[in-house]
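Subject: A structure for you to look at

Hello,

I am passing on the structure we talked about, and I hope you enjoy looking through it. Please open it first and keep it beside you as you read.

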Amino acid sequence: MANVKFNISVSVEKMLEAFRQEGYTVQKWIPCSEQMPESGEDVLVWFEYYRYGDYDGLCQTYGIGTYYAYQKNWLINQSTGWNNLRVIAWMPLPDPYEEKE
């Protein structure tokens with residue numbers, strides 16, 4: 001099974017390299033331990049939070065987040081009601097879609 005994972009990883013790297021050669025920017029996750037986004041900037045985030053009720057456990061997912069440096073706080077998916085929120089990593093959002101004529 002390890003060989004399958006390796007081959008998929010190699011295939012993804014080849015695909016990313018092809019995108020780079022075509023001039024596309026390939027975004028990478030930036031760990032929050034290394035750098036935080038600009039205050040007030042919307043970014044894609046990978047985060048974890050504690051979910052009570054039927055699930056009752058730690059969950060990880062992604063969303064759109066805004067970091068507020070002066071409060072050292074995140075707004076995730078337009079909500080502050082997350083239990084034990086920890087943003088792990090982030091990346092800039094892509095440019096908005098523009099229709100080509």
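Below is what was found in it, going from the overall fold to single residues.

First, please keep in mind that this is a predicted model.

The fold

The chain has one helix and five strands. Read from the N terminus, the order of these elements is α-β-β-β-β-β. Of the 101 residues in the chain, 22% are buried.

The salt bridge

The count of salt bridges in the model is one. The partners are Arg-86 and Glu-48, with their closest N and O atoms 2.9 Å apart. Arg-86 belongs to strand β5 (residues 86-92) and Glu-48 to strand β2 (residues 42-51), so the pair ties together parts that lie 38 residues apart in sequence. Are the two partners buried or exposed? Arg-86 is partly exposed, at a relative accessible area of 45%. Glu-48 has 11% relative accessibility and counts as buried, because the cut-off for buried is under 20%.

Around Tyr-24

Tyr-24 is a good residue to click on next. You will find Tyr-24 in the loop between α1 (2-21) and β1 (30-31). With a relative accessibility of 55%, Tyr-24 counts as exposed, because exposed means over 50%. Together with Met-15 and Phe-19, Tyr-24 makes a nonpolar surface patch of about 330 Å².

Tyr-24 also helps to line the largest pocket, which has a volume of about 190 Å³. Which other residues line the largest pocket? They are Thr-25, Gln-27, Leu-44, Met-91, Pro-92, Leu-93, Pro-94 and Asp-95. By type, the lining consists of six nonpolar residues, two polar ones and one charged one.

Two residues with positive phi

Two loop residues may also be of interest to you. Lys-72 is a residue other than glycine with a positive phi, near 50 degrees. Lys-72 sits in the loop between β3 (57-68) and β4 (73-76), and at 69% relative accessibility Lys-72 counts as exposed.

Gln-78, again not a glycine, has a positive phi near 65 degrees. Where is Gln-78 placed? Gln-78 is in the loop between β4 and β5. Its relative accessibility is 66%, so Gln-78 counts as exposed.

I hope this helps you find your way around.

Best wishes

Terms used. Residues numbered from 1 in each chain as written. Predicted model: local features only at pLDDT ≥ 70, side-chain atom pairs only at ≥ 80, totals over all residues. Heavy atoms only, no water. Patch = residues over 30% accessible without salt bridge, like charges linked within 9 Å, V, L, I, M, F, W, Y side chains within 5 Å. Areas by Shrake-Rupley, 256 points an atom, 1.4 Å probe, with all protein chains shown as cover. Salt bridge = Lys/Arg side-chain N within 4 Å of Asp/Glu carboxyl O. Helix = DSSP H or I, 4+ residues; strand = E, 2+ residues; numbered from the N terminus. Buried < 20%, exposed > 50% of the residue type's maximum accessible area, 1.4 Å probe, protein only. 1 Å grid on protein atoms, 1.4 Å probe; cavity = no way out; pocket = protein on both sides within 12 Å on 5 of 7 lines; lining within 4 Å. Points joined across faces, edges and corners; volume = space filled by probe spheres on them. Nonpolar A, V, L, I, M, F, W, Y, C, P; charged D, E, K, R; others polar.
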